[in-house]
Amino acid sequence: MPDSQHIRILDPRLANQIAAGEVVERPASVVKELIENAIDAGSRRIEVELEAGGARLIRVRDDGGGIGEDDLPLALSRHATSKIASLEDLEGVASLGFRGEALASISSVSRLELMSNVAEDPTGGWRVVVEGRRMEPRVSPSPHPQGTSVTVRDLFFNTPARRKFLRTEKTEFGHVEEAFRRQALSRLDIGWVLRHNQKTVHQLRPGDDLVGHERRLQALLGKAFLENALHLDLEVGGLRLWGWVGLPTHSRAQADQQYFFVNGRVVRDRLVAHAIRQAYRDVLFHGRHPVFVLYLEVDPTVVDVNVHPTKHEVRFRDGRMVHDFLFSSLHRALGEARAGAAPEGEAADEERVAGQDGAVVSETGEVRETAPQPAWQQQPMALPGREEGAERPTSDRVRAFMEGYRALHPDHEDSLLTPQPAAPGAGGAAADVALAERRAQSRFQPEAVQPRPAMPAADDTRAPPLGYAVAQLHGIYILSQTERGLVVVDMHAAHERIVYERMKTQVHGGALEAQPLLVPVSLAASAAEVATAEAEREAFSRLGVELDVAGPETLLVRQVPTLLVDADVEPLIRDMLGDLERYGRSDRLEAHINELLATMACHGSVRANRQLTQEEMNALLRDMERTERSGQCNHGRPTWTEMSMKELDRLFLRGQ
């Protein structure tokens, strides 16, 4: 056998460089690892300094517990750590770092200097230096305040192939800034500084209360994020979820403002992403991404963080419980965001301005807690390729579902699903299901609030959130006077959401009506899919699906919900099995039914150019205030917007 094929122990320097390939991808990876060490050291202030995007210099200073003289050489050795000592420690690890690989890997591809001092050290600090070509650490006395400074110079200087993969200085700094942003959001109680090429980019004060937390979010994510976010704090069965979720109308084209932390650790987990995506499913505009900063706190023993080299992924012991908790919490929070809900505690005559470091103050200079703003502060998104009020052809399948729905719910007269007579000359398309005149007259009657054209000054404080209708504009928009100013409502979009939510409640309120298939559908399935079908038989039954095992690799679909009799069953069942196996939960069937209900609601809602009486307009406003998710239509478009009196005064230069 040639000598080159004999098994040998790798040189320590080569082994560290191989490990560095997993841990150190670019300067941002180095910054992440060094910051995590600083957090684990109990720091209250962390400073990050860069040159040339981090390729030339990375320095991280902290005021934590420090490292003693005897531990300095060990700190740069592989698999040397103070954070765990046994398998039991690993199974319940609470620190961010625990493998003892980061410093050894970084020092193998750079020139590293570490200076540290512990509080009780009378010598004033120590310094250790290591270069990638020589792995022997050199320790010498060096004055240093309590804490640690790690300086990394010339990253990848001894691995030129790796250095060639680095991008431009601007690109690399962008990655570092994002890594810094994640860590600064993970610990709101720590003060942070980021400098690049001797210029301060971020200087963040620690925040120990809600005002301080929101000041941090505003500084890192912008004022718009905070003004369009809901704050939540829920705790159930040992799980606590708190943080901020963006309103559906404040979405982004990219998923670049999504931050999720598990016990203070930044994670990107498929189960978490799936739960959040489900919560936003029928309120988000197509192709848009929600924004959120969320913190999940769980017992460290029920989550495994040792499943990925970069520790970005975790595994929960009870993934289904975590998924359901996340979904239900966010779904409820978004559903409770009613149209017209004003920020709590905000006086109508106050102007919110940004103070020092993003603090929110009133005109009197009083620092106040930032409250979430309603959806109307986000500019409405245009729906491409569709003009509201245009006639929409209704497929035979949708008509069949509508007729089937009426047969199942003969008492559902108020659903506004009565066919509207075709307009003269409009052709067959005008026969789409829409709001009938006779139903509209009875449906829009106010239930509790008597309509009136304007609000008397003496009764302003008791006006409903969306005020009272004063006019209709071009048969499309309702203009309403509120305590704060003027509300403009897209009547079709608003009514579409109201009808949709009412139909969902009636259809999903109890067990879904199901219909046996005349000829059962046979599915060729894998052993895993068959096992999932057997284990989740009750879950399928609750959704109106009867799924039998006909063999080791065969499933039979004998029954489906009535609304889906004509649907393509096979891919739907396969997707449900995949979701149940992966996440422990599936809403594919419900989503499919909801798509049909959304189509029915769209055709059953008041159309453009339909002239409403003042009573009808006011009744629609009251329905919006009572209906969940009424800030967006079924397609995710905003249903209303508001202009305050101050904004209107500015348009006409009043008081200037």
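User: Why is Arg629 called buried?
Analyst: In this predicted model, Arg629 has a relative accessible area of 3%. Buried means under 20%, so Arg629 with its 3% is called buried.

User: Where is Arg629 found, and what is noted about its phi?
Analyst: Arg629 sits in the loop between α19 and β24. Its phi is near 60°, which is a positive value in a residue other than glycine.

User: What makes Asp154 partly exposed?
Analyst: The relative accessible area of Asp154 is 26%. Buried ends at 20% and exposed starts over 50%, so a value of 26% falls in between and Asp154 counts as partly exposed.

User: Where does Asp154 lie, and what is its phi?
Analyst: Asp154 belongs to the loop between β6 and α6 (160-163). Its phi is near 50°, again a positive value in a residue other than glycine.

User: Why is strand β2 described as largely enclosed?
Analyst: Strand β2 covers residues 57-62, and 5 of these 6 residues are buried, so the rest of the structure largely encloses this strand.

User: How do you know that β1 and β2 pair?
Analyst: Two strands count as paired if there are at least two bridges between them. Strand β1 (residues 45-51) and β2 have 6 bridges, in the antiparallel sense, so they meet that cut-off. Within this pairing, Arg61 in β2 is the bridge partner of Glu47, and Glu49 stands opposite Arg59. The hairpin of β1 and β2 has 5 residues between the strands, and Ala52 there takes a positive phi near 55°.

User: Which other strand pairs with β2, and in what sense?
Analyst: Strand β6 (residues 147-153) pairs with β2 in the antiparallel sense, over 6 bridges. In this pairing Ile58 stands opposite Val152 of β6.

User: What is said of the burial of β1, and which strand pairs with it in the parallel sense?
Analyst: Of the 7 residues of β1, 6 are buried, so β1 is largely enclosed by the rest of the structure. Strand β7 (residues 191-196) pairs with β1 in the parallel sense over 6 bridges. Ile46 faces Trp192 of β7 in this pairing.

User: Which residues have the most contacts inside the largest nonpolar core?
Analyst: They are Leu34, Val48, Val152, Trp192 and Trp244, in a core of 57 residues. Helix α2 (residues 27-40) gives the largest share of this core, 7 residues. Leaving aside residues up to four places away in sequence, Leu34 touches Ile58, Val60, Leu103, Ile106, Val150 and Val152. Apart from this core lies another, of 34 residues, including Tyr280, Leu294, Phe316 and Phe325. In soluble globular proteins, nonpolar side chains tend to be buried together.

User: What makes β18 and β24 edge strands?
Analyst: The sheet is open, with 4 strands in the order β18-β19-β20-β24 and antiparallel pairing. β18 (468-473) and β24 (640-644) each pair on one side only, and these are the edge strands. From one strand to the next, the twist averages 25°.

User: How many bridges join β20 to β24?
Analyst: There are 5 bridges between strand β20 (residues 485-490) and β24, which run antiparallel. At least two are needed for pairing, so 5 bridges are enough. Val487 is opposite Glu642 of β24.

User: Which strands do helices α14 and α19 lie across?
Analyst: Helix α14 (residues 491-508) lies across β18, β19 (477-481) and β20, and runs at about 70° to β20. Helix α19 (residues 614-626) lies across β18, β19, β20 and β24, at about 115° to β18.

User: How do you know that the length of helix α18 agrees with what its residues should span?
Analyst: Helix α18 (residues 588-603) has 16 residues, which at 1.5 Å a residue should span 22 Å. Its end C-alpha atoms are 23 Å apart, and this agrees with the expected span. Among the buried residues of α18 are Leu589, Ile593, Leu596 and Met600.

User: What does the protein chain contain overall, and what share of its residues is buried?
Analyst: The protein chain contains 20 helices and 24 strands. Of its 656 residues, 51% are buried. Taking contacts between residues at least 6 apart in sequence, 71% join residues at least 24 apart. The chain exposes about 30,500 Å², of which carbon and sulfur atoms supply 51%.

Methods:
Residues are numbered from 1 along each chain as its sequence is written. This is a predicted model: local features need pLDDT of at least 70, side-chain atom pairs count only at pLDDT 80 or more; totals for chains, interfaces and linings use all residues. Side-chain values use heavy atoms; hydrogens and water are left out. Buried means under 20% relative accessible area, exposed over 50%, partly exposed in between (1.4 Å probe, protein chains only). Helices (H or I, at least four residues) and strands (E, at least two) are DSSP runs, numbered from the N terminus. Contact means heavy atoms within 4.5 Å. Accessible areas come from the Shrake-Rupley method with a 1.4 Å probe; for residues, only the protein chains shown count as cover. Axes are lines fitted to C-alpha atoms, for helices over the stretch in contact, and angles run from 0 to 180 degrees between N-to-C directions. The expected span of a helix is 1.5 Å times one less than its number of residues. A nonpolar core is a set of buried Ala, Val, Leu, Ile, Met, Phe, Trp, Tyr and Cys residues joined through side-chain atoms within 4.5 Å.
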